[in-house]
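Take the model from its overall fold down to its rings and surface. Keep the structure open while reading.

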Amino acid sequence: MEKLKTNWKLVIYWFVSMSLMNVYIIPKFINDEPITNKRIIIGVVVSLIISLIMGTLITPKSEDK
């Protein structure tokens, strides 16, 4: 949990970028499928899980000077 607190900007970045890709870019331009409520919910949930995983994998910056 401490890693998520120190890497909160990275978690937000991953969430926004992955949700944009999963909900809008891939269905609209690659698959030519309509954007539905089910796709939005699944895309946001997958993006949240991926962003939390990426936030815990990245090591926090060292504050030593």
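What pattern does the chain follow when read along the sequence? The pattern is α-α-α. The chain holds three helices and zero strands. Note that this is a predicted model.

Next, the overall dimensions. The chain has a radius of gyration of 15 Å, while a compact globule of 65 residues would be near 11 Å. The box filled by the C-alpha atoms agrees in kind with an elongated outline: roughly 50 × 20 × 15 Å along the principal axes. Buried residues make up 15% of the 65 residues. The accessible surface comes to about 5300 Å². Carbon and sulfur atoms own 68% of that surface.

Contacts add to this picture. Take those in the chain with a separation of 6 or more. Residues 24 or more positions apart account for 67% of them.

Now the surface. Which residues make the nonpolar surface patch? They are Leu-20, Met-21, Tyr-24, Ile-25, Phe-29, Ile-30, Ile-35, Ile-40 and Val-44. The patch covers about 780 Å². Two elements give two or more residues to the patch: helix 2 (8-30) and helix 3 (37-57). Helix 2 gives the most, with six residues. Leu-20 is one of the patch residues, and its place is in helix 2. Is Leu-20 buried, partly exposed or exposed? Its relative accessible area is 46%. Exposed would need over 50% and buried under 20%, so Leu-20 counts as partly exposed.

Turn to the rings. How many aromatic pairs does a search of the whole structure find? It finds two. One joins Tyr-13 and Trp-14, with ring centres 6.3 Å apart and planes at 75°. Planes over 60 degrees apart count as edge-to-face, so this pair is edge-to-face. Tyr-13 has 53% relative accessibility and therefore counts as exposed. Trp-14 has a relative accessible area of 24%, so this ring's residue is partly exposed.

Tyr-24 and Phe-29 form an aromatic pair as well. Their centres lie 5.9 Å apart, and the angle between the planes is 85°. This pair, too, is edge-to-face. Tyr-24 is partly exposed, at 37%. Phe-29 is exposed, at 56%. Both residues also belong to the nonpolar patch. Here the ring pair and the surface patch meet: Tyr-24 and Phe-29 pair edge-to-face and help make the patch of about 780 Å².

Terms used:
Residues numbered from 1 in each chain as written. Predicted model: local features only at pLDDT ≥ 70, side-chain atom pairs only at ≥ 80, totals over all residues. Heavy atoms only, no water. Phe/Tyr/Trp six-rings, centres within 6.5 Å; stacked < 30°, edge-to-face > 60°. Buried < 20%, exposed > 50% of the residue type's maximum accessible area, 1.4 Å probe, protein only. Patch = residues over 30% accessible without salt bridge, like charges linked within 9 Å, V, L, I, M, F, W, Y side chains within 5 Å. Areas by Shrake-Rupley, 256 points an atom, 1.4 Å probe, with all protein chains shown as cover. Salt bridge = Lys/Arg side-chain N within 4 Å of Asp/Glu carboxyl O. Helix = DSSP H or I, 4+ residues; strand = E, 2+ residues; numbered from the N terminus. Rg over C-alpha atoms; globule rule 2.2 N^0.38 Å. Contact = heavy atoms within 4.5 Å.
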